[in-house]
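Subject: The structure for you to look at

Hi there,

Here is the structure I promised to pass on. Please open it alongside this message, and my notes on it follow below.

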Amino acid sequence: MINLVILILRKKKKKVKSAKKKVVKKKATKTTKYNYRYNVGEIQHYIHQKIYEYGWTDNDYYAIVQIVNRESSFNPYAVNKKSGSCGLFQAYPCSKMAKYGKDYRTNYKVQVKFGFEHIKARYQTPSQAWSFWQSHHWF
């Protein structure tokens, strides 16, 4: 009887482990309704690496994460149906990003470059951009 209970518990444990692995895979890569794939962790890691090139801090990284999460949920293919703004930072018009790369609609690295340059020119730091965003819900 005890051996049977142990065997049942082991099987349940294996099922839980495999279920956890499936959840992790779903979180790592997302797919849009048009089947474009993107990896949120990869985008966040890239952003974190690049902030130091601008002399920004980890607090500024937090601010960028907050802005991008609210603007596009880290979806580089995001397009606002009403305004037509697009990308991680919701550039309007979308073509503003073209000067940073021809593949601006699909390349998150080009979109990050655009977003950083926009923040630097208009707000100086991501923390100041985030402060503005909190008051106006756009930046």
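Let me start with Phe-89. In this predicted model, and leaving out residues up to four places away in sequence, Phe-89 touches Ile-64, Val-68, Glu-71, Gln-111, Val-112, Gly-115, Phe-116, Ile-119 and Phe-139. Apart from the largest nonpolar core lies another core, of 7 residues, including Cys-94, Met-97, Tyr-104 and Val-110.

Phe-89 also has a place in that largest nonpolar core, which has 27 residues. The members that touch the most others there are Ile-47, Ile-64, Phe-89, Phe-116 and Phe-139. Two or more residues each come from helix H2 (40–51), helix H3 (58–72), helix H4 (108–122) and helix H5 (126–136). Of these, H3 gives the most, with 6 residues.

Next, a pocket you may like to find on screen. The second largest pocket holds about 180 Å³ of space. Phe-89 and Phe-139 turn up again in its lining, together with Glu-71, Gln-90, Ala-91, Tyr-92, Lys-96, Phe-114, His-118 and Trp-138. By type, that lining has 6 nonpolar, 2 polar and 2 charged residues.

One of those lining residues, Tyr-92, brings me to the backbone. As background, most peptide bonds are trans, and most residues other than glycine have a negative phi. Here are the places to check against that:

- The peptide bond from Tyr-92 to Pro-93 is cis, with omega near -10°. Pro-93 sits in the loop between H3 and H4.
- Ser-73 is not a glycine, yet its phi is positive, at about 55°. Ser-73 also belongs to the loop between H3 and H4. With a relative accessible area of 39%, Ser-73 counts as partly exposed.
- Gln-124, in the loop between H4 and H5, has a positive phi too, near 75°. Its relative accessible area is 48%, so Gln-124 is partly exposed.

Finally, a word on Lys-113, which is part of helix H4. Is Lys-113 buried or exposed? The answer falls in between: Lys-113 is partly exposed, because its relative accessible area is 38%. Setting aside neighbours within four places in sequence, Lys-113 is in contact with Tyr-54 and Tyr-100. Gly-101 is 12 residues from Lys-113 in sequence, and their C-alpha atoms are 9.4 Å apart in space.

Do write back if you would like to go through any of this together.

Best wishes

Definitions and conventions. Residues are numbered from 1 along each chain as its sequence is written. This is a predicted model: local features need pLDDT of at least 70, side-chain atom pairs count only at pLDDT 80 or more; totals for chains, interfaces and linings use all residues. Side-chain values use heavy atoms; hydrogens and water are left out. A nonpolar core is a set of buried Ala, Val, Leu, Ile, Met, Phe, Trp, Tyr and Cys residues joined through side-chain atoms within 4.5 Å. Buried means under 20% relative accessible area, exposed over 50%, partly exposed in between (1.4 Å probe, protein chains only). Helices (H or I, at least four residues) and strands (E, at least two) are DSSP runs, numbered from the N terminus. Contact means heavy atoms within 4.5 Å. On a 1 Å grid over the protein atoms alone, a cavity is a set of points where a 1.4 Å probe fits but cannot get out, and a pocket is an open set with protein on both sides within 12 Å along at least five of seven lines; lining residues have an atom within 4 Å of a point. Grid points are joined across faces, edges and corners, and a volume is the space filled by probe spheres set on the points. Ala, Val, Leu, Ile, Met, Phe, Trp, Tyr, Cys and Pro count as nonpolar, Asp, Glu, Lys and Arg as charged, and the others, Gly among them, as polar.
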